[in-house]
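Let's take a walk through this protein, from its overall outline down to a couple of single residues. Have a look at it first, and then read on.

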Amino acid sequence: MTFRLRKLYDLGAWGAATCMLIICALVTLQVLFRCLDGLLVLFGASRLGLEVSGVSEIAAYLLVGATFLSLAYTFVHHAHIRVTLVISRLPSAVRVWVESACLLIALALNLVLGWELIGLIRESLDYGDVSSGLLAIPLWIPQTVLTIGVGLLCLALVEALAATLRIAVTVPGRYVAPERHEEAGGE
């Protein structure tokens with residue numbers, strides 16, 4: 001299956017990777033500061049007390065960002081966990097319609113989630129909600145990242161649904177599951 005917006009999904013994956021790298025950098029910096037303090041105490045000096053405030057809070061938001069920004073990329077590369085025990089045994093002409101129904105349900109659920117996230121962002125902006133940790137991070141920032149990730153997944157689901165329905169209507173007997181199509185050397 002060819003995804004025309006694959007570069008956009010790749011961009012989401014790059015955003016997710018950036019979030020993970022920032023988490024690694026923050027944790028590494030925090031560990032190095034603690035090691036430096038430990039060495040200073042070991043040699044009889046006093047601690048410097050250097051630390052990155054709110055590392056846990058920032059890392060938690062970045063982890064959520066990494067998870068949601070990578071949703072579309074993971075879907076496009078067929079890396080989501082799928083239970084195909086039943087549908088893999090169906091004839092191609094039936095399976096294509098079952099796949100279409102599953103994609104439609106997934107799209108509907110993600111559209112509802114996206115809609116509710118947009119409402120949550122509006123509410124956070126209206127009330128000026130900030131995080132309750134050491135840092136007062138405006139909550140609309142991580143919520144916007146969540147919404148972008150869900151939006152990218154919705155786009156990928158629309159593309160997959162359109163391609164699957166096109167096959168279902170034209171040549172349902174020739175349907176090949178996306179993960180098998182790529183195994184056979186297709187795109």
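## A tour of the fold

Of the 187 residues of the protein, 32% count as buried. Keep in mind as you look around that this is a predicted model.

What is the chain built from? It has six helices and zero strands, so reading from the N terminus you simply meet α-α-α-α-α-α. How spread out is the protein? Its radius of gyration is 22 Å, well over the 16 Å that the globule rule gives for 187 residues, so the protein is more spread out than a compact globule. You can put a box around it too: along the principal axes, the C-alpha atoms fill roughly 75 × 40 × 30 Å.

Now for the outside. About 11,700 Å² of the protein is exposed, and 69% of that comes from carbon and sulfur atoms. As for how the chain meets itself, take the contacts between residues at least 6 apart in sequence: 75% of them join residues at least 24 apart.

Next, two residues to zoom in on. Start with Phe33, which sits in helix α1, residues 6–42. Follow the chain 15 residues along from Phe33 and you reach Leu48, and the two are 8.5 Å apart in space, C-alpha to C-alpha. Which residues does Phe33 contact, once its neighbours within four places in sequence are left aside? They are Leu50, Glu51 and Val52.

Then move on to Asn110, in helix α4. Is Asn110 buried or exposed? Its relative accessibility is 13%, and because buried means under 20%, Asn110 counts as buried. Not counting residues up to four places away in sequence, Asn110 touches Val150, Leu153, Cys154 and Leu157.

Finally, let's look for empty space inside. Rolling a probe the size of a water molecule over the atoms shows where such space is left. Here the structure holds one cavity of 30 Å³ or more, and about 120 Å³ of space lies in the largest cavity. Its lining is made of 13 residues, and the closest to the centre are Phe75, His78, Arg82, Leu103 and Pro178. Which helices each supply at least two residues of that lining? They are α3 (71–76), α4 (92–127) and α5 (140–170), so helix α4, the home of Asn110, turns up again here. By class, the lining of the largest cavity has seven nonpolar, four polar and two charged residues.

Technical notes
Residues numbered from 1 in each chain as written. Predicted model: local features only at pLDDT ≥ 70, side-chain atom pairs only at ≥ 80, totals over all residues. Heavy atoms only, no water. 1 Å grid on protein atoms, 1.4 Å probe; cavity = no way out; pocket = protein on both sides within 12 Å on 5 of 7 lines; lining within 4 Å. Points joined across faces, edges and corners; volume = space filled by probe spheres on them. Helix = DSSP H or I, 4+ residues; strand = E, 2+ residues; numbered from the N terminus. Nonpolar A, V, L, I, M, F, W, Y, C, P; charged D, E, K, R; others polar. Rg over C-alpha atoms; globule rule 2.2 N^0.38 Å. Buried < 20%, exposed > 50% of the residue type's maximum accessible area, 1.4 Å probe, protein only. Contact = heavy atoms within 4.5 Å. Areas by Shrake-Rupley, 256 points an atom, 1.4 Å probe, with all protein chains shown as cover.
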